[in-house]
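Good morning, colleagues. Please look at the sequence and the structure as they appear, and I shall then take you through a few local features.

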Amino acid sequence: MADVFHLPDYSIFVGSVAETLLQWLKQHAYSKIFVIADSNAYACCAHLLPVLDAEVHIVPVPPPSERTGGAERLKNLASCEKIWSAMLDAQLDRKALVLNFGGGVIGDMGGFCAATYKRGIDFIQIPTTLLAMTDAAIGGKLGIDFQGIKNTIGVFQNPGAVFVDPEFLKTLPARELRSGFAEVIKHARIGDPVLWEKIQTLSPDNLGPDALSTAEWADILRASIAVKVRIVTEDPREQGVRALLNFGHTFGHALESFFLETDNPLTHGEAVTIGMVCESEAAHAPLLRVFPNRNIPESAFPALWALMLQDKKNASGAVRIAVPDADPFSMKLLEITREEAERRLRYYNRLG
């Protein structure tokens with residue numbers, strides 16, 4: 001039996017997607033179903049989907065073992081053009097449904113393509129990574145990267161539904177699970193003291209594909225999702241407290257974008273973890289236990305600051321970071337200078 005989170009415009013189902021998706025589709029009438037799928041996710045997870053009469057567009061994402069950050073490199077206008085062309089070839093009308101199947105990049109980009117195709121058609125999210133299940137697929141923020149800046153072009157548009165199936169987590173490599181777990185840690189830190197205490201007991205050995213049972217993952221997913229649901233329900237268009245979900249992301253997005261073009265990219269979760277340490281200036285035990293220290297060369301500081309200047313939370317040219325305050329769901333919004341940013345990066349480096 002699935003657990004259901006009800007938001008004002010859609011629901012999130014946590015349980016077997018083979019059951020929940022068919023039940024949901026029976027309540028809706030769509031002219032066609034068009035699947036946008038991550039090639040990795042489709043190859044190993046498609047058997048968990050119910051049989052659908054659907055056309056499938058595969059996005060050829062390199063395996064993580066070949067290229068960390070490979071999916072993020074595809075999150076651009078060129079990929080959108082291919083998706084929009086495939087939608088036209090499939091003759092999708094405005095009564096069609098787009099089903100996004102894969103990680104956060106697929107959800108962001110596929111949702112953006114659906115939200116802009118013929119001024120918008122319905123889409124649903126079926127996230128297959130821990131990162132997407134707990135964060136990217138929830139909240140209706142869609143978009144792509146542009147000129148090396150993450151999520152520069154996009155829209156707010158809620159999905160018709162989100163289907164979270166813990167079984168997909170069994171297919172992920174350990175590094176990908178750890179990457180997603182950064183968002184679980186973030187949600188615990190900003191809004192769930194009980195979950196925060198629970199994850200203090202976890203170690204890297206707990207984050208392998210077979211270390212936790214499906215039921216244990218479901219418990220973690222429900223707790224993490226509940227934090228995000230509360231915030232996006234209260235602040236759907238990021239006018240206030242939703243900025244708290246960007247904890248770690250001002251530094252993190254800059255680090256992810258910078259290292260994406262190097263021979264040793266960071267995953268999203270690794271970058272956000274460094275960001276959370278820098279922004280809170282606290283060596284949180286679960287962060288440093290799960291994620292080994294990665295030295296940030298001082299030669300990268302100018303480029304990182306230039307990337308931070310493009311952050312969406314900025315106002316009147318000032319770089320701002322959102323940091324959890326003492327109470328759950330409370331926030332401090334701080335303005336920092338270049339010198340302050342560099343001091344915080346040096347603080348992180350010293351922890352190693």
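Let us begin with charges over rings. In this predicted model, Arg230 sits over the face of Phe329, 3.8 Å from the ring centre. A second case involves Arg294, which is placed over the face of Phe259 at 4.9 Å from the ring centre.

I turn now to rings that pair with one another. A pair of aromatic rings is described by two quantities, the distance of the centres and the angle of the planes. How many aromatic pairs does the count come to? The total is 8 aromatic pairs. One of them is formed by Trp24 and Tyr30, with 6.2 Å centre to centre and 20° between the planes. This pair counts as stacked because its planes are under 30 degrees apart. As for its surroundings, Trp24 has a relative accessible area of 7%, and since that is under 20%, Trp24 is classed as buried.

Which residues do ring pairs link into a cluster with Trp24? They are Phe13, Tyr30 and Phe163, so that the cluster consists of these residues together with Trp24.

Another pair deserves your attention, that of Trp84 and Phe112. Here the distance is 6.2 Å centre to centre, the angle between the planes is 50°, and the pair is tilted. The two partners come from distant parts of the chain, 28 residues apart. Trp84 belongs to helix H3, residues 77–89, while Phe112 belongs to helix H4, residues 104–116. Are these two rings buried or exposed? Phe112 has a relative accessibility of 6% and is therefore buried. Trp84, at 23% relative accessibility, is partly exposed, because buried would require a value under 20%.

Finally, I should like to discuss the backbone. Lys118 is not a glycine, yet it has a positive phi of about 50°. Where is Lys118 found? Its place is the loop between H4 and strand S6, the strand at 122–127. With a relative accessible area of 39%, Lys118 is partly exposed.

Ser316 likewise is not a glycine and has a positive phi, in this case of about 55°. This serine is located in the loop between helix H12 (301–308) and strand S10 (319–324). Ser316 has a relative accessibility of 85% and so counts as exposed, the cut-off for that class being over 50%.

Thank you for your attention.

How values were computed. Residues are numbered from 1 along each chain as its sequence is written. This is a predicted model: local features need pLDDT of at least 70, side-chain atom pairs count only at pLDDT 80 or more; totals for chains, interfaces and linings use all residues. Side-chain values use heavy atoms; hydrogens and water are left out. Rings of Phe, Tyr and Trp (its six-membered ring) pair if their centres lie within 6.5 Å; planes under 30 degrees apart count as stacked, over 60 as edge-to-face and the rest as tilted. Buried means under 20% relative accessible area, exposed over 50%, partly exposed in between (1.4 Å probe, protein chains only). Helices (H or I, at least four residues) and strands (E, at least two) are DSSP runs, numbered from the N terminus. A charge sits over a ring if NZ of Lys or CZ of Arg is within 6 Å of the ring centre and within 35 degrees of the ring normal.
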